[in-house]
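Thank you all for making the time this morning. I would like to walk you through one model, beginning with a single residue and working outwards from there, so please keep the structure open in front of you.

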Amino acid sequence: MNQFILHEELWWESEFSCDACGTYMCEHTGPGRAPDDVREALLAAHGPVRLQLAGPIPSLVPALKVVREVSAASLPQARELVGELCRDGLVGTLSEMEFLKARLQLRGVHADVDRQISRRD
């Protein structure tokens with residue numbers, strides 16, 4: 001399982017192979033949100049990372065726009081996510097947080113990715 005940024009989009013892929021019979025299969029490769037089972041496997045294998053704003057921002061509007069674009073969240077959901085981003089930060093896979101960071105920076109919102117977070121977050 002893998003997650004990566006390609007052509008300014010978040011992609012995921014899932015594949016498996018059987019050592020006994022030599023079968024190799026690719027479940028999915030393409031852009032979009034990874035299914036929960038793939039995401040959980042990535043978090044278990046590589047650990048979570050945290051994305052936090054690098055400092056105060058004059059307006060939450062650019063961050064709200066990015067969160068809504070990236071996650072298709074409703075306005076109330078986006079407000080909640082941006083609130084978390086401002087306080088303790090958002091936690092996810094490295095690719096998810098790097099993708100969100102890049103999109104925020106395009107709107108002039110600076111954020112940092114912290115790879116050293118506790119597994120209990």
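Let me begin with R87, which is exposed, because its relative accessible area of 54% lies over the 50% cut-off. Before going further I should say that this is a predicted model, and everything I describe should be heard with that in mind. R87 sits in the loop that joins α3, residues 75–86, to β5, residues 90–92. If you then look for D37, you will find that 50 residues of sequence separate it from R87, and that the two C-alpha atoms are 28 Å apart in space.

With that starting point fixed, let me step back to the chain as a whole. The secondary structure of the protein chain amounts to four helices and six strands, and, read from the N terminus, the elements follow the order β-β-β-α-β-α-α-β-α-β. The C-alpha trace spans about 60 × 30 × 25 Å along its principal axes. Of the 121 residues in the protein chain, 35% are buried, while the accessible surface comes to about 7600 Å², with 51% of that surface belonging to carbon and sulfur atoms. If we take the contacts with a separation of 6 or more, 59% of them are between residues 24 or more positions apart.

Now to the sheet. Which order do the strands take in the open sheet of three strands? The order is β5-β4-β6, and the pairing is antiparallel. Because β5 and β6 stand at the edges with a single partner strand each, one side of each is left without a neighbour in the sheet. On average, and with direction ignored, neighbouring strands here are turned by 25° against each other. α3 packs on this sheet, where it touches β4 and β5, and its direction makes about 90° with that of β4.

Let me take the two pairings in turn. β4, residues 49–53, pairs with β6 in the antiparallel sense over four bridges; along this pairing R50 stands opposite D114, and L53 stands opposite A111. On the other side of the discussion, β4 and β5 pair, again in the antiparallel sense, over three bridges, and here G92 in β5 is the bridge partner of V49.

How many of the five residues of β4 are buried? Four of them are, so that the strand can be called mostly covered, given that buried means under 20% relative accessible area. In β6, residues 111–114, the two faces can be told apart: A111 and V113 make up the covered face, whereas D112 and D114 make up the uncovered one.

Let me turn to the helices, and to the packing of α2, residues 61–71, against α3. Their axes lie 9 Å apart and meet at an angle of about 115°, and the crossing of α2 past α3 is right-handed. On the α2 side the contact involves A63, L64, V67, R68 and S71, and these meet L75, A78, R79, L81 and V82 in α3. By character, the residues of this contact divide into seven nonpolar, one polar and two charged.

Between α2 and α3 there is a loop, and A72 is placed in it. What is the phi of A72? It is near 55°, which is a positive value in a residue other than glycine. As general background, most residues other than glycine have a negative phi. A72 counts as exposed, because its relative accessibility is 68% and the cut-off is over 50%.

I will finish with an arginine that contrasts with the one I opened on. Is R39, in helix α1, residues 36–46, buried or exposed? R39 counts as buried, because its relative accessibility of 15% falls under the 20% cut-off. Leaving aside neighbours within four places in sequence, R39 is in contact with R33, A34, V91, G92, T93 and E96. Among these contacts of R39 is G92, which we met a moment ago as the bridge partner of V49.

Key:
Residues are numbered from 1 along each chain as its sequence is written. This is a predicted model: local features need pLDDT of at least 70, side-chain atom pairs count only at pLDDT 80 or more; totals for chains, interfaces and linings use all residues. Side-chain values use heavy atoms; hydrogens and water are left out. Buried means under 20% relative accessible area, exposed over 50%, partly exposed in between (1.4 Å probe, protein chains only). Two strands pair if DSSP finds at least two bridges between them. Axes are lines fitted to C-alpha atoms, for helices over the stretch in contact, and angles run from 0 to 180 degrees between N-to-C directions. A crossing is left-handed if the near helix is turned anticlockwise from the far one by less than a right angle, and right-handed if clockwise. Contact means heavy atoms within 4.5 Å. Ala, Val, Leu, Ile, Met, Phe, Trp, Tyr, Cys and Pro count as nonpolar, Asp, Glu, Lys and Arg as charged, and the others, Gly among them, as polar. Accessible areas come from the Shrake-Rupley method with a 1.4 Å probe; for residues, only the protein chains shown count as cover.
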